[in-house]
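Grab a pencil and work through these exercises one at a time. Try each task yourself before you read its solution.

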Amino acid sequence: MSHPGYPFADIERKRQAHWDETRAFRTPEDPSRPKYYVLDMFPYPSGAGLHVGHPEGYTATDIIARYKRMCGYNVLHPMGWDAFGLPAERYAMQTGIHPAVTTEQNINNFRRQLKSLGFSYDWERELSTTQPDYYRWTQWIFLKLFNSWFDPEQKKARPIAELPIPPELAGDANARETYVNARRLAYVTEAPVNWCAELGTVLANEEVEEWTSKGYSVERKPMRQWMLRITAYAERLLEGLDRLDWPSGTMELQKNWIGRSEGAEIEFPLTADAAARAESAGLPASLRIFTTRPDTIYGVTYMVIAPEHPLADALISSDQKSAAEAYIAEAKLKSDLDRQVQGEKAEKTGVFTGGHVRHPLSGEAIPVWIADYVLMSYGTGAIMAVPAHDERDFAFARRFKLPVRVVIAPTASGPREPSGAAPDAPTDAERRESEAAGARLKTAFAEEGVNVWSGPLDGQPTKAAIGRMNALLEAQKLGVRRINYKLRDWLFSRQRYWGEPIPISFDEAGHFVAESEDSLPLLLPPSDNFQPAATGESPLANLPDWVAHARDGKQLRRETNTMPQWAGSCWYYLRFIDPGNSDALIDPEKEAYWMGENGVDLYVGGSEHAVLHLLYARFWHKVLFDLGYVKSPEPFQKLIHQGLILGEDGEKMSKSRGNVVNPDEVVREYGADAFRLFEMFLGPLEAVKPWSSRGIEGVARFLSRTWRLYTQREGEADDADRSTLQGAAIDPRVYADIPEDRRRDAERVIHATIKKVTEDIERLSFNTAISQMMIFVNEFLSEKQLGRFGAEAFVKLLSPFAPHLADELWSLLGNADSLANVPWPAYDPQKITVDEIEIVFQVNGKVRGRARVAPGADDESLKKLALADPAIQRTLQDQTPKKIIVVKNKLVNIVV
C-alpha cells in the first residue's frame, strides 16, 4: 500500500542514517544533570525473530526515553541480549551447528529489526550474556555468593572469612570445612529435580510444560546440584516490596511465591515397627509437620507425606509395598507444578502406606498416606490432615472414605476455662460425636471460629486457641513455633554446554577449589559435541582436557554443570551502566549516579517474568548491596507489564496457529512510525488487544495528513502527489500568523494539546495522547496557519511517537540538529482558559435558543437569561414553566 504525500521509506532511511552518523542517542557521562534510567527486559534472540507483539514494550520505553531527553534528563536507554539458553543448545544437538553461530545470527537479525523501528537505544552499550567480558562478572558474582554467608543477627550477607567457627571445630579441618560449606550462599546438595533424559539436563518448573508439550519425558529424581540460598532473604524480599511502584498483581505473585506463614512444627512419633525401620536407616523416629492451624490438632484423622519423603520406606508396610512403590514411581514423572495444579482439583490420588504415627497429645494411632499433592519442597513434606477444615483434605477424605472430625464451629456459648497444666484430650465418645458432625458436612469449614470437641481448647476463639496450643506443645517439647516460607532455594545447576561455566573445581578428596577472581573469566571451551555425557553430566564432561587440570601441584576436576539462563539476566542492568569496565563489576560513582537510591526508574517487560526473573534479580542485588557493591537496596523502582498483542483471530500469536504478524512486513508496507503509533494506539499499554491490519491504515492516514499539513512542492497544488521526499518543503502558510478572528481558539487547541500529550506521556497513557494529536491535525489541516510556536510545538510532541517524520519536519523547518535534545514545549495555562462557552436553551427538551456566557455562571443567572431570550418567549407564549432544569455549563431546559 502506498500513501500519497507521505514518503515514509525515504524519510526513515534518511533519519536512521543521520542518527547513526551523529551518535544522537549516545548516553553522556554528565552527573550535573538529573538522570533517568529506562530499561526493557532484554530479549532472548530466537531464530524466529520479532513478531509484532514484542516491540510493544520497546515502543513505550522509547517514547519515555525521547520525552525525558527533551525534558532535560540525562537518559540511559540500552539494549542487549539474554543469549545463553536451551533452545540454541538443542538446535546444536540436532544440527551440529555451534550455538555461538546461531546465537550471533539471531542477534544480528534482532538488532536489524529493532534499528528499523527507530528505537533510540545507546547501541554503544550493547551487551550479550554470552560475551566472555560479560560472563566474567557473572562468574565473579557467583564467587561472591560462594564466599559469603547470611548472618541472621545482622540480617545480611557477610564474607565467609567473617563466619564464626565453633571452638570445638578449631582442630578438625574436615569438620570445619563441612560447617563452612553448609552456610555458604552457594552450596552443593542432593536435590529432587525435573530431569529430562532426552535433553540431558535439568529443567526449571517453568520449562517443564514447554518441553513435555513437544513430546519429551520429564521425571523427578535426586541429583547433585548447585543451589543458591535465596531462602535466607525471604523476609527481606517481602519487606522490600513495600517501597516499590509495581503492579499490584505482580506484588501479590511475589508475596505468594515467597509464601510467608506463621505456625508450628509438631512431632508425631512413629509407631514401634516404623520407628525401628527408621532408626536402622539412620532416620528420626518421628514425623515432623508444619501447620498454620495447630488449634485443629484434635481434628487430625490421617497424615499425608510427599512421595519422596525420606520416611516413606520406614512407614510402608510389607502388604502395601507394591502399591506404594508403583504410586511413588508414577509421581516421579510429574513436576512440582503439575502436582500443585492437580492438588487444586477435586479428584485426589493417594495410597495408604500401611504405617501409622501417634497423636502427640492423645496417643491415638493415625494412618499415614502418600499423596502427590503434598510437596517435599514446602514445609516438611508432610501434613496433618484435618479434613473438616481444609478443602483439599476434605476431598481426599471423601475419596478414600476416611473419618472427618469437626473441631471448629462458627459460634459457641463462650470460652471454657482450661483445667490443669496438661488437660485431657477429647474422649472416645467426644471423638465419635465429632465424626458424626463431620459425616454431615457438605464442604470443609476453613474459617476462624471457636473450638469444639477439642479437649483443653473447647470454647476458645481461634487466635486464643492457636496461642494456647503452641504454648502447650512447647511446654511438653512436642513442637515449636515457626515462620515458614514456600520459597525454596534456587536450583542453579544445568547439565548444558551453552551456559556460563561455574568457576569451581574439586580436588581428589572432593574439596572445593574456587577460581581466583583475577583469573576470570573461566572460558567456555570450544566443542563440537553437544550431546550429554554418558554419565548424565553436561556435554562439558566430554572434554577431558578441559575438565582435568592442575594448579599449585594439585590435580583438579572442573565443575561440569553450567549456570542457568537466569544468571546473566540477574544483573545486566548494572553492566549497562559501565559496560567497558575491565577492572570492576561497576564503577561506584557511576552506580551511585544511575541507580541512586531507587534503582532503575522505569522497567518494562512481560508479566511472564513477574516472579522468578524479578525475584532472582532482587536477591542478587541485595547480596551485592550487603557486600557494598551497590547503594540502592532494590534494582527496579517502577515496573510496568505491557499487555499481549493477539493475532487478528483474537488468539495468542504462534506459528502453529498461523497468526504471527512479522514487523518487517508492516514496516515495508506502512513505515516504522505507523507501526509504532499503531502499537500504542491499540489501547492502554497494560491491556490485552488484538492486532488489526485495517486499524493500522487509519494511523498511516494520520501521518499522511500530518505530512500534508506541513509540506508542499513549489508551484504545485495542495493535492499534488508528495510520495517522494525529493523537492519537499515546508508550506509557508504553516508559519503564518494565526488570523485574529481565530487566534484565541487556535491557541487554545495548541496549548491544550501540549498539556494533554505531556500529562498522558507521564501517565503512560499513549493511546489518548495520540488521539489528541489526531484532533490537532484535523483542526488545522484546512486553514494551516499554526504560527511559529504552534508549528514547532506539534512537531516536538509528535517526536517521541513518530520520530522519523518529526525529525524530517524539524529539519524542513530549518533546524540543523535532531529533535533528540530539543527542549519539550511548555503550555500557557492562561491560553487554555475558556472565556466564554455556549449554553443551549431548551423547551421540553427541544433546542429553541443559544447564548454565550462565562464558564461557571450560576443557575439563577442562567434561568433569567433563558427566560429573557426572544426565541424562548415566543415558544412559551405566556405559559408558566412547571420547572426549569439547569445543567451547569451546558444547557437550560424549561418544562411546560
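**Exercise 1: a residue in a loop**

Q785 is buried, since its relative accessible area is 18% and the cut-off for buried is under 20%. Keep in mind that you're looking at a predicted model.

Task: Find where Q785 is located and which residues it touches, leaving out those up to four places away in sequence.

Solution. Step one is to locate Q785: the loop between α27 (766-780) and α28 (787-798) holds it. Step two is to list its contacts, skipping residues up to four places away in sequence: Q785 touches R733, V734, A736, D737, I738, P739, R742 and F780.

**Exercise 2: two acidic residues**

Task: Decide whether E89 is buried or exposed, then do the job again for D151.

Solution. Start with E89, which belongs to helix α3 (residues 86-95). Its relative accessible area is 2%, so E89 is buried. Leaving aside residues up to four places away in sequence, E89 touches P99, R496, Y497, W498, F530 and P539. You can also check a distance here: E89 and A100 are 11 residues apart in sequence, and their C-alpha atoms are 9.3 Å apart in space.

Now take D151, which is part of strand β5 (residues 148-151). With 6% relative accessibility, D151 counts as buried too. Again not counting residues up to four places away in sequence, D151 touches K156 and R158. From D151 to E162 is 11 residues in sequence and 9.7 Å in space, C-alpha to C-alpha.

**Exercise 3: the two faces of a helix**

Task: Work out which residues of helix α10 (residues 272-280) are buried and what they pack against.

Solution. First, pick out the buried residues of α10: A274, A275 and A278. They sit on the same side of the helix, because they cover an arc of only 100 degrees around the axis. Next, look at the face turned away from that buried side, where you'll find the exposed residues A272 and S280. Then ask what the buried residues pack against: that's α11 (312-315). Finally, follow the chain past the helix: after α10 comes G282, with a positive phi near 75 degrees.

**Exercise 4: rings meeting rings**

Task: Classify the aromatic pair F506 and F512, and then the pair Y572 and F576.

Solution. A pair of aromatic rings is described by the distance of the centres and the angle of the planes. The count for this model comes to 46 aromatic pairs. For F506 and F512, the centres are 5.6 Å apart and the planes make an angle of 45 degrees, a tilted pair. For Y572 and F576, the centres are 5.7 Å apart and the planes are at 75 degrees, so this pair is edge-to-face. Both Y572 and F576 are buried, and F506, at 15% relative accessibility, counts as buried as well.

To finish, zoom out: ring pairs link F142, F146, W226, W490, F492, F506, F512, W566, Y616 and W620 into a cluster.

**Exercise 5: charges over rings**

Task: Find which rings the charged ends of R183 and R399 sit over.

Solution. Take R183 to begin with: its charged end sits over the ring of Y179, 3.6 Å from the ring centre. Then turn to R399, whose charged end sits over the ring of F400, 4.6 Å from the centre.

Conventions
Residues numbered from 1 in each chain as written. Predicted model: local features only at pLDDT ≥ 70, side-chain atom pairs only at ≥ 80, totals over all residues. Heavy atoms only, no water. Buried < 20%, exposed > 50% of the residue type's maximum accessible area, 1.4 Å probe, protein only. Arc of directions from axis to C-beta. Contact = heavy atoms within 4.5 Å. Phe/Tyr/Trp six-rings, centres within 6.5 Å; stacked < 30°, edge-to-face > 60°. Lys NZ or Arg CZ within 6 Å of the ring centre and 35° of its normal.
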